[in-house]
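Biologist: Could you take me through one sheet and the helices packed around it?

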Amino acid sequence: MNIHEYQAKEILGSYGIPIPRGTVALTSDQVERAAKMMGGRCVIKAQIYAGGRGKAGGVKLVHHPEEAQEFGKELFGRSLVTRQTGPNGLKVRRILVEEAVEIAREFYLSITLDRESSRYILIASTAGGVDIEEVARKNPDKILTHIVNPFTGLRPYQARAVALALGLCGTICEDCVELILNLYRACQEKDCSLIEINPLVVTKAGWLMAMDAKMTFDENAVYRHREYPDMVDYSQLDPLEINAAKYDLSYIKLAGTIGCMVNGAGLAMATLDVLKECGGEPANFLDVGGGATREKVAEAFRIILQDRDVRGIFVNIFGGIMRCDVIAQGIVEAAGAVNCRLPIVVRMDGSQVEAGKILLKESGLNVQIGTSLGDGATRIVRMLKQEEQ
Ligand code: ADP
């Protein structure tokens, strides 16, 4: 679960981590008023669930409240396309008006879950304010990592080693140690899978400050934090994703044209791989999980049909717990209701498979049955090509 920069900064602030003064604005008039309170000179920052805003024109230093208002007008409602958003971008609905800080040095600092060691890992770099993935590719020696032992927690000596490696000394080094320890505390107590400060800066006045903050909560722990659901900004999420979550379905949007309905994450990955091998491009995948009902399958199919990029649908279900006739009923119900003429290929196996196939064949839909994963993938790619001709 993601939150905005200003929300993450509020949390960091409550853990004693220095952050710039700032106000959130929902209209350009509020942007102007907030800029006035800052004395005119301030930084205007679009709040979207993605980084890379600076390069995409979503962060600007302004000098007068009127300039702030003008920029606010320009930003509100605009879709900001950054290297993290995908081609459609994300709409700006909130703006952070922040004091302009004189920056002397920029660092990178984060704590995230390391899947290899199954532990928190502290990552730091002197190359701050830039794309850390690119630093990892081009200058891996510039990245410092410390794996945290969950039994002892992050130790002060580890934090000190990081602060010294960033080239800090004296009081500011001790401030950095305290900041890192507080960051770890926040990470644990807030059940974060990631807290990233990029850049962490040393100001010209000689203070450490978190200039940006990204915070991701572990979805499995959301139930432990009553305030989290209210923090979600639904305008930043794909409406189909919100709908899928309501029905406990996992929906992931992708860039192609073939909608995929599967059961199980492993089968989903295999389906996408084989589709690609056969020359198809998945538009999404929707995992209905085990033991779905006819209603759930129908809802899943409806969600796929609402994806405007979908030109054809590939259903790949292994009916171990699920009955194939139930799957077929769900498909026929959802597709029949909107008189769907899109090409559909269904590959299913397991319990009640023959009954399921009969239901599909007699449905009048533009449907073919795949005999194997490879056969199904080949068929849907072929059907799509024929449609295009
Ligand atoms: P993003 O990572 O999405 O591009 P950042 O919050 O990192 O957004 O902002 C981009 C850059 O703008 C930062 O690297 C920093 O140099 C500058 N910046 C951000 N906030 C401020 C601020 N309050 N005062 C001065 N400079 C800022």
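The questions below deal with a sheet, then with a helix on it, then with a helix pair.

Biologist: Which strands are the edge strands of the open sheet?

Modeller: This is a predicted model. In it, 6 strands form an open sheet with mixed pairing, in the order 13-15-14-16-17-18. An edge strand pairs on one side only, and that holds for strand 13 (250-253) and strand 18 (367-369).

Biologist: In strand 17, what is the bridge partner of Phe 318?

Modeller: Strand 16 (residues 312-319) and strand 17 (residues 344-350) run parallel and are joined by 7 bridges. The partner of Phe 318 in strand 17 is Asp 349.

Biologist: At about what angle does helix 13 run to strand 16?

Modeller: Helix 13 (residues 373-388) lies across strand 14 (258-262), strand 16, strand 17 and strand 18. Its angle to strand 16 is about 165 degrees.

Biologist: How is helix 9 placed against helix 13: roughly parallel or oblique?

Modeller: The axis of helix 9 (residues 265-277) comes within 9 Å of the axis of helix 13, and the two cross at roughly 55 degrees. Angles from 65 to 115 degrees would count as roughly perpendicular and those under 35 as roughly parallel. The crossing angle therefore makes helix 9, relative to helix 13, oblique.

Biologist: How many residues of the contact of helix 9 with helix 13 are nonpolar?

Modeller: Helix 9 brings Ala 270, Thr 271, Val 274 and Leu 275. From helix 13 they meet Leu 373, Gly 374, Ala 377, Ile 380 and Val 381. No charged residue takes part, 2 are polar, and the nonpolar ones number 7.

Notes
Residues numbered from 1 in each chain as written. Predicted model: local features only at pLDDT ≥ 70, side-chain atom pairs only at ≥ 80, totals over all residues. Heavy atoms only, no water. Pairing = 2+ DSSP bridges. Helix = DSSP H or I, 4+ residues; strand = E, 2+ residues; numbered from the N terminus. Contact = heavy atoms within 4.5 Å. Axes fitted to C-alpha atoms, helices over the stretch in contact; angles between N-to-C directions. Parallel < 35°, antiparallel > 145°, perpendicular 65-115°, else oblique. Nonpolar A, V, L, I, M, F, W, Y, C, P; charged D, E, K, R; others polar.
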